[in-house]
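Thanks for asking for a second pair of eyes on this one. My notes follow as numbered points, with pockets and the cavity ahead of helix packing.

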Amino acid sequence: MRTPLVMGNWKLNGTKDSVTALVNALKEPANNAAGKAEVAVCAPAVFIGMVENLAQGSKLAWGSEDCDIHTSGAYTGENSPVMLREFGCTYAIVGHSERREYHKECSNYVAQKYQAAQQNGLIPVLCVGESEAEFDASKTMDVVREELKAVIDLCGIDSFKNAVIAYEPIWAIGTGKTATPEIAQKVHADIRAYLATFSQEVADGVRILYGGSCNAKTAPELFAQKDIDGGLVGGASLKADDFSAIIAAAVANA
Ligand code: PGA
């Protein structure tokens with residue numbers, strides 16, 4: 001009932017040539033997956049116009065890696081959700097741990113980004129997840145609940161009817177240390193159980209992606225878990241073959 005979603009997060013990577021090659025190579029896998037799994041790529045803002053042109057007419061969706069809380073104005077360097085929509089973005093990642101860490105984005109600010117994205121027609125992909133120290137101290141759900149609660153307080157539980165959650169343990173991002181399927185499944189189930197304390201319907205319907213060194217090897221077992229609805233993929237989304245294998249894993253578990 002929940003259509004799996006495989007989303008690439010390119011981060012600060014790409015050239016005109018590599019973006020052209022990658023998007024062209026992903027159109028067919030995305031088209032073939034259609035009806036069983038959705039495929040999207042989130043690109044650095046400068047490439048979004050290119051991605052729009054290249055992916056046009058295919059089933060490959062695209063989005064941004066972040067978005068501002070304002071729609072326009074004197075906010076140098078930002079990208080507004082209205083602009084992102086104009087360039088055909090379906091999704092906007094908000095609250096990625098790299099933004100929370102390097103740009104000091106707190107949960108309340110992330111919630112405002114989530115709200116701005118949603119109010120302007122983008123589907124927010126809310127990233128949540130704990131650090132290694134928090135994991136070791138068994139604080140995963142304390143951290144994740146705080147990150148979710150900020151959004152629930154500002155936007156309401158029903159806002160998750162039109163949003164995606166990505167559970168990304170920070171210790172697994174870019175480290176090659178994928179969470180085991182058991183650990184990931186447990187947190188995904190705990191997230192769903194937490195949302196169910198507000199609304200069972202929302203908890204049952206929301207897609208929760210796993211992120212953190214998700215690759216062609218680890219995706220099949222991760223995606224086979226009951227509460228994992230696809231992946232947010234960094235490094236492995238930059239290689240068409242690897243990303244296509246991850247898409248195939250999602251299709252196989254649809
Ligand atoms: P990774 O990144 O797949 O390279 O670990 C995932 C993410 O940060 O979204």
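1. The largest pocket has a volume of about 540 Å³. Please keep in mind throughout that this is a predicted model. A total of 21 residues line the largest pocket, and K11, E65, D66, R99 and H103 are the ones nearest its centre. Two elements, α2 (45-55) and α4, each supply two or more residues to this lining. The top contributor is α4, with three residues.

2. How do the residues lining the largest pocket divide by character? Eight are nonpolar, six polar and seven charged.

3. Next comes the second largest pocket, with a volume of about 220 Å³. Its lining consists of 19 residues, and those closest to the centre are K11, G174, S213, G234 and G235. Here the division is seven nonpolar, 10 polar and two charged. You may like to follow K11 across both pockets: K11 is listed among the residues nearest the centre of the largest pocket and also among those closest to the centre of the second largest.

4. K11 deserves a look for its backbone as well. This residue sits in the loop between β1 (5-9) and α1, and its phi is positive, about 55°, although K11 is not a glycine.

5. A second residue to check in the same spirit is S138. Its phi is near 55°, again a positive value in a residue other than glycine. S138 belongs to the loop between α6 (132-136) and α7.

6. Now for enclosed space. Rolling a probe the size of a water molecule over the atoms shows where empty space is left. Counting cavities of 30 Å³ or more gives one, and the largest cavity has a volume of about 40 Å³. Its lining is made up of G95, H96, S97, R100, C127, V128, G129, E147, E168 and I170. The elements giving two or more residues to that lining are α4 (97-102) and β5 (123-128). By character, the lining divides into three nonpolar, four polar and three charged residues. So that you can place α4 in the whole picture: α4 is listed for the lining of this cavity and for that of the largest pocket.

7. On to helix packing, beginning with α1 (residues 16-33) and α2. Their axes are 10 Å apart and the helices pack at an angle of about 35°. The crossing of α1 past α2 is right-handed. On the α1 side, K16, V19, T20, V23, N24 and K27 make the contact, and on the α2 side F47, M50, V51, L54 and A55 do. These contact residues comprise seven nonpolar, two polar and two charged.

8. Which angle do α7 and α8 make? The axes of α7 (residues 140-155) and α8 (residues 181-196) cross at roughly 40° and come within 11 Å. Angles under 35 degrees count as roughly parallel and 65 to 115 as roughly perpendicular, so α7 is oblique to α8. The crossing of α7 past α8 is right-handed.

9. Finally, the residues behind that packing. From α7, the contact involves T140, M141, V144, R145, L148, K149 and I152, and from α8 it involves V187, D190, I191, Y194 and L195. Eight of the residues in this contact are nonpolar, one is polar and three are charged.

Definitions and conventions
Residues numbered from 1 in each chain as written. Predicted model: local features only at pLDDT ≥ 70, side-chain atom pairs only at ≥ 80, totals over all residues. Heavy atoms only, no water. Axes fitted to C-alpha atoms, helices over the stretch in contact; angles between N-to-C directions. Helix = DSSP H or I, 4+ residues; strand = E, 2+ residues; numbered from the N terminus. Parallel < 35°, antiparallel > 145°, perpendicular 65-115°, else oblique. Left-handed = near helix turned anticlockwise from the far one by under 90°. Contact = heavy atoms within 4.5 Å. Nonpolar A, V, L, I, M, F, W, Y, C, P; charged D, E, K, R; others polar. 1 Å grid on protein atoms, 1.4 Å probe; cavity = no way out; pocket = protein on both sides within 12 Å on 5 of 7 lines; lining within 4 Å. Points joined across faces, edges and corners; volume = space filled by probe spheres on them.
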